[in-house]
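User: I have a model open and want to go through it with you. Can we start with one residue and then move on to the pocket?

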Amino acid sequence: MKMTFLIVHGLVTFLLLIGACSSRTENGQVTENVTVDPSNGLPSNAVPGKVLIVYLSRTNNTKAVADMIHKRVGGTLVPLELVTPYPENYRATVEQVVKENETGFLPPLKTKIDNIQQYDVVFVGFPTWGMQLPPPMKSFLRQYELRGKTVVPFNTNGGYGIGSTFQTVKELCPNSSVLEGFTVRGGSERDGQLLVIQGSKANEVETDVLNWLKKIKVI
């Protein structure tokens, strides 16, 4: 009897431990519970399926950085696309973006994120346009509820810096924990410089990205 009691007690304890470390989704799959501590960056038990990397890239420099982040943290990588793309002509795009910023127009997104609630951490990448956050990224941050999530911005620019982009991300994510962002100089379409984050430059940027991810305790 004593041996039977010990066996039963051991099984009950084992089951309770499993229940404390995992939860079941509606389809019966077991997923780890992940808690984000804003003061410490990402949770130590974050898994790739919990990370979303959304980026807007016209010259592929922001895409290059997004790929570097994805290489290190995994997760889901999603390019941000519009229902109606911007003109290929640079000057025409600049004029359109100026009007959108002046009127507050948010361009409709072609990109759809299914069940965004499954993600705990959302990286958002974008270039600096007119010293501001590009309207498509404003559309994304307005459209999707990121309450309680950790938001991590990253940026490429033509040499004039981040402008108000990071501040706008914070303003559009008032109920999220926004970590320290990353920025690097990319191309300058105005000057005919498109993809510059390649070759030796890409190697330098990748090192900087790695150091940044370590600093914010993502890896």
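**Phenylalanine 126 and the pocket**

Analyst: Phenylalanine 126 sits in strand β5, residues 121-127. Strands here are DSSP E runs of at least two residues, helices H or I runs of at least four, numbered from the N terminus. This is a predicted model: local features need pLDDT of at least 70, side-chain atom pairs pLDDT 80 or more, while totals for chains, interfaces and linings use all residues. Numbering runs from 1 along each chain as its sequence is written, and side-chain values use heavy atoms, without hydrogens and water.

User: Is phenylalanine 126 buried or exposed?

Analyst: Phenylalanine 126 counts as buried because its relative accessibility is 0%. The cut-off for buried is under 20% relative accessible area, with a 1.4 Å probe and protein chains only.

User: What is phenylalanine 126 in contact with, beyond four places in sequence?

Analyst: Its contacts (heavy atoms within 4.5 Å) include Leu56, Met137, Phe154 and Val169.

User: OK, pocket. How much space is in the largest one?

Analyst: About 620 Å³. A pocket is an open set of 1 Å grid points over the protein atoms alone where a 1.4 Å probe fits, with protein on both sides within 12 Å along at least five of seven lines; lining residues have an atom within 4 Å of a point. The volume is the space filled by probe spheres set on the points, which are joined across faces, edges and corners.

User: Which residues lie nearest its centre?

Analyst: Tyr90, Thr128, Trp129, Gly130 and Gly158, out of 28 lining residues.

User: And which element gives the most to the lining?

Analyst: α3, with 6 residues.

How values were computed:
Buried < 20%, exposed > 50% of the residue type's maximum accessible area, 1.4 Å probe, protein only.
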